[in-house]
Amino acid sequence: MGPLDDAQRNALADLLGMTRLPAEYTTVSLPLLDTLLRDAVGASVHEVVTELVGPVGDKAGDRQRAASERAEVWTWLKDHPTVVAQPALADWAATVRRSGLIAGSTDRTREILAQVLRVLAELPAPGVPRPVFAETVLRHTHALDDGTRTAGLVLRALAAIYDVEPPADAAERRALWERAGIADDELSSVVLAAGFRPAGDDVASRILRSCADAGHVAALTLAQIRAADWAVGPAEAWIFENPSVLALAITRFGMDCPPMVVTSGWPSSAGILLLRTLTAAGTRLSYHGDLDGEGLRIAAHVIARTGARPWRMTSADYLESVDDGPPVGRVTPAPWDDDLGEHLRRVGKTVSEERTAPVLLDELARHHGL
């Protein structure tokens, strides 16, 4: 304690029963002081101080509780199913953590991040305007307006998923929203499919049947898929990343082509809606794509959004097929195979879907007795 003036030194000496005045700076034992106060006034040090100056805070305890609450928020974000399902979001989650709490509040941070994760779980959207999507998902028409914290965090997450730089201006923001199916044009969003013969009388069903019977590929717009009414789908369907594989399949199988969909890289709104429609109709979806960094991210995206299962995309498949090829680019973990990402980084060579197409089509021929 100190520095103590003369009056304080005298008071302290009287309180502690000292034979001499304490120095200007002195040490007082709290256990001794507590005993003296209990004997003198029947109250502890804590009770006396509370009576004299008001409630006494526990700064160390407060700091510990605050640290625990912060850690809980960041652990919740890191382990959230939406983040786990798409490993590309791990870096985004780490960046959010480094940015710190929103307004210094764990409650506010969790509230905003929960909104962001709800949005990400619903993307890509089926080509709806942003205010309509925001009202549907967040119950607030303007929740995703430019300049809102939620919109900014969503766009940074989308940039991580698509492996692009965060948007720097309005045009880039609009392009990223459109890539995620927000305000996507119902006519320009198209998906390629073959081998489907749905029983319905809607436009998409008739187009698919006609093309399947003629051994051709169907190009369905978002509007046509939205109008489809499929209560029952085929038992299984095969999804490819690259249109060239579908072209090879049509050439080989013709009108006997098994049900196939091609995402053409990152799937459009039409592609995601078609795959979700098939899943809802009971179809089992099997997905294959390029074995490189972006291919893993596309696969994780499709699997997380449609319930498809990865097909021939394991570490063994990669190591069996890898030879010379382009660099794999930035690699993120594959949720379905803990070692696959590490093998890609170590070997560093892409296995394109076109390289493995003959093996894939041979397997389909055996599976379907063709």
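This is a short walk through one protein chain, from its overall form down to single residues.

A word on status before anything else. The model is predicted. Please keep that in mind throughout.

Let's start with the whole chain. The protein chain has 18 helices and six strands. There are 370 residues, and 45% of them count as buried. Now the dimensions. Along its principal axes, the C-alpha trace spans about 110 × 45 × 40 Å. The radius of gyration is 32 Å, where a compact globule of 370 residues would have one near 21 Å. What about contacts along the sequence? Take the contacts between residues at least 6 apart in sequence: 65% of those join residues at least 24 apart.

Next, a helix pair. In general, two packed helices are described by the angle between their axes and the distance between the axes. Here the pair is H6, residues 89–99, and H9, residues 149–162. Their axes come within 8 Å. They cross at roughly 145°, and the crossing of H6 and H9 is right-handed. Which residues meet there? On the H6 side, they are Leu89, Trp92 and Val96. On the H9 side, they are Leu153, Arg156, Ala157, Ala160 and Ile161. By type, that contact of H6 with H9 divides into seven nonpolar residues, no polar ones and one charged. The charged one is Arg156, because Arg counts as charged.

Now the backbone. Most residues other than glycine have a negative phi, and most peptide bonds are trans. Four places in this chain deserve a look on that score.

Two are cis peptide bonds. One joins Gly2 and Pro3, with omega about -5°. Pro3 is in the segment before helix H1, which covers 6–16. Another cis bond runs from Leu123 to Pro124, with omega near 5°. Where is Pro124? It is in the loop between helix H7, 106–122, and helix H8, 130–138.

Two more places have positive phi. Ala103 is not a glycine, yet its phi is about 55°. Ala103 is in the loop between H6 and H7. Is Ala103 buried or exposed? It counts as exposed, because its relative accessibility is 73% and the cut-off is over 50%. Then Arg139. Its phi is near 60°, again positive in a residue other than glycine. Arg139 is in the loop between H8 and H9. With a relative accessible area of 62%, Arg139 is exposed too.

Let's go inside. Val119 is in helix H7. At 0% relative accessibility, Val119 counts as buried. What does Val119 touch, leaving out residues up to four places away in sequence? The list is Phe133, Val137, Leu138, Leu144 and Val154. Look at Phe133 in particular. Val119 and Phe133 are 14 residues apart along the chain, and their C-alpha atoms are separated by 8.8 Å.

Another buried residue is His288. This one is in strand S5, residues 284–288. The relative accessible area of His288 is 3%, so it is buried, the cut-off being under 20%. Now its contacts, again without residues up to four places away in sequence. His288 touches Ile239, Phe240 and Glu241, among others. Its contacts also include Trp311, Arg312 and Met313. Further along, Glu353, Thr356 and Leu360 are on the list as well.

Last stop, His343. His343 is in helix H17, residues 340–347. Its side chain makes a polar contact with the side chain of Arg346, at 3.2 Å. Beyond four places in sequence, His343 touches Ser315, Tyr318, Leu319 and Gly348. For scale, compare His343 with Ala121. The two are 222 residues apart along the chain, and their C-alpha atoms are separated by 28 Å.

To recap on the model itself. The form has a radius of gyration of 32 Å. H6 and H9 cross at roughly 145°. The cis bonds covered here precede Pro3 and Pro124. Positive phi values were shown for Ala103 and Arg139. Val119 and His288 are buried. That's the tour.

Note on methods: Residues numbered from 1 in each chain as written. Predicted model: local features only at pLDDT ≥ 70, side-chain atom pairs only at ≥ 80, totals over all residues. Heavy atoms only, no water. Helix = DSSP H or I, 4+ residues; strand = E, 2+ residues; numbered from the N terminus. Polar contact = N/O pair within 3.5 Å; in protein donor to acceptor, adjacent residues only side chain to side chain. Contact = heavy atoms within 4.5 Å. Axes fitted to C-alpha atoms, helices over the stretch in contact; angles between N-to-C directions. Left-handed = near helix turned anticlockwise from the far one by under 90°. Rg over C-alpha atoms; globule rule 2.2 N^0.38 Å. Buried < 20%, exposed > 50% of the residue type's maximum accessible area, 1.4 Å probe, protein only.
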